[in-house]
Amino acid sequence: MLLKPTLDDLNLIGHNLGRVMTVTAGAGLLPLVWAIAEHEPAPASAFLLMVAVYAILGGAGLHLRSQRKHLSWSHGMVVVALVWLLVPAVGAIPFWLSGHFAGYLDAFFDAMSGITTTGLTVANDLDHMATSMIFWRHLLHFLGGQGIIIAALSLFAGAGVAALYHSEGRDEHIFPSVGSTARFIWLVSVVNALLGVTVLAIIGTASLGFDVGRSIFHGITIFMAAFDTGGFSPQSTSMAYYHSALYEAATSILMVAGALSFGLHYALWRRQRHLHRNIEARTLLITFFGTLIITQIGLVTLGLYDTVGPLTRQSYFQVLSAHTGTGFATVPSSELALWGGLAFAGMAIAMALGGMASSTAGGVKALRIGLTAKAIVAQVKKVLLPEGTVISTRFWLNGPKDLSSDVVQGVMTATLLYVALYLVGAGAGLAVGLPLQEAVFESISAAANVGLSVGVTGPGMPTLLKVTYILQMWAGRLEFLAVFSLFGFLWATVRGR
């Protein structure tokens, strides 16, 4: 029997929502200042309204008081699920008022795509959007990649913070304290930002001929989209706008950095040994090169590229973008739609698998793939080897660990849920008349928070697909448990006793 939530439960959830809304209001001041500095009055007014709504929600939540100070796991899950709905719902206000979106649903689509670091867009005339509005789109990537909850935990302390941390789909404890771990994640992000923006700005000035201001603007936006594996671009042609192998190479490094777990970042910073034994890093390398080879064989079969240079450059960047969950493209969506057969299979698999756990990437995650493979190998050995043979099921992940049956069950469950989510989106695509290949590709891109498109996603997309992809982006980013907890909480509110 489900128990109906009490007023005390609602106050506890509302108070913690208020904490996050207050932090988001502070973040919203950045595009407001940008708009004022760039003399963009209409966007400035829209951002002022957005910040006011965030602040009102935050203030109202902080004034709620609960007799319980400790935030339980169930409460934490509900808070996180609501945060990832409310932040884009309010953050869509400037988009809605900008004139670049057909309506609020389209604006909410882009806000959800931004915060979940997906990168799919239904914006109109992106090339003429105000710079402050473009900055806000990419700042949503940055907030979503590091985690809105992580931002709140870096500033607020208190009982129950661990519940919020894990509810956002993060498992690693780099330091004993969740707050210290949260601050380290932001430290990694800031250091990468300083290096990444500097390198991209130098390339923009020295190689592309941009002036200093333009170079910094593109450096900031591309960094936030690359490191947070988001995929939004300040130009409608994505990375093809730059026509620069050097710019692509620098961006590739940032995409890889974003797809690595923050635990692995810590190990690299400390120059720890045994990194070559890390099951997640090894799995990511194997799956990347495997999907790259499959894609290249498919492209050779299709004959889309006449020489080795373009074939290698385009396949490498697109597969890396797909596997890290970034969504940048150096080819137009119309050309990507021609990547059929094995090329389509390689790209679809790369998107579906995703990057590392506890990173900014989406998808099934390399850790789950590696553990699944190890569990299958152990099972095969158990059948083939003599009875009584001791079979090792240990793996290395920041130290030796045992592959227990509970771990295997959790890995399999999450993997199956992702597959089901991919199929649901594909079914919605088929229902509105999309060809099977396009329906599958776009569904995986949305659910794995990638952002690559073969031309399906756009302003004229059917409403059913817009709603479906919004839900896929939300559920895929939160990895299901928080979503299920919210639905259970709502059900208990209505039918509980």
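The following questions and answers introduce a predicted model of a single chain.

User: How many helices and strands are there in the chain?

Analyst: The model is predicted, and its elements are numbered from the N terminus. Counted in this way, the chain has 21 helices and 2 strands.

User: What radius of gyration does the chain have, and why does it agree with that of a compact globule?

Analyst: The C-alpha atoms fill a box of roughly 65 × 60 × 50 Å along the principal axes. For 497 residues, a compact globule would have a radius of gyration near 23 Å, so the chain agrees with this expectation at 22 Å.

User: What percentage of the residues in the chain is buried?

Analyst: A residue counts as buried when its relative accessible area is under 20%. The accessible surface of the chain is about 20600 Å², and carbon and sulfur atoms contribute 69% of it. Of the 497 residues, the buried share is 57%.

User: How are helix 14 and helix 16 oriented, roughly parallel or roughly antiparallel?

Analyst: Two packed helices are described by the angle and the distance between their axes. The axes of helix 14 (residues 308-323) and helix 16 (residues 341-353) come within 7 Å and cross at roughly 30°. Angles under 35 degrees count as roughly parallel. Therefore helix 14 is, with respect to helix 16, roughly parallel.

User: Which residues of helix 16 meet helix 14, and how do the residues of the contact divide?

Analyst: From helix 14, the residues involved are Gln318, Val319, Ala322 and His323. They meet Met347, Ala350, Met351 and Leu353 in helix 16. The residues of this contact divide into 6 nonpolar, 2 polar and no charged.

User: Is His138 buried or exposed, and which residues is His138 in contact with?

Analyst: His138 belongs to helix 6 (residues 131-146). Its relative accessible area is 0%, so His138 is buried. Apart from neighbours within four places in sequence, the residues in contact with His138 are Thr221, Met224, Ala225, Phe232, Ser233 and Pro234.

User: Where is Thr229, and what is its phi?

Analyst: Thr229 is placed in the loop between helix 10 (212-227) and helix 11 (245-259). With a relative accessible area of 0%, Thr229 is buried. Most residues other than glycine have a negative phi. Thr229, although not a glycine, has a positive phi near 45°.

User: What is the phi of Ser358?

Analyst: Ser358 lies in the loop between helix 16 and helix 17 (366-384). Ser358 is buried, with a relative accessible area of 7%. Ser358 is not a glycine, yet its phi is positive, at about 55°.

Definitions and conventions: Residues numbered from 1 in each chain as written. Predicted model: local features only at pLDDT ≥ 70, side-chain atom pairs only at ≥ 80, totals over all residues. Heavy atoms only, no water. Axes fitted to C-alpha atoms, helices over the stretch in contact; angles between N-to-C directions. Helix = DSSP H or I, 4+ residues; strand = E, 2+ residues; numbered from the N terminus. Parallel < 35°, antiparallel > 145°, perpendicular 65-115°, else oblique. Contact = heavy atoms within 4.5 Å. Nonpolar A, V, L, I, M, F, W, Y, C, P; charged D, E, K, R; others polar. Rg over C-alpha atoms; globule rule 2.2 N^0.38 Å. Buried < 20%, exposed > 50% of the residue type's maximum accessible area, 1.4 Å probe, protein only. Areas by Shrake-Rupley, 256 points an atom, 1.4 Å probe, with all protein chains shown as cover.
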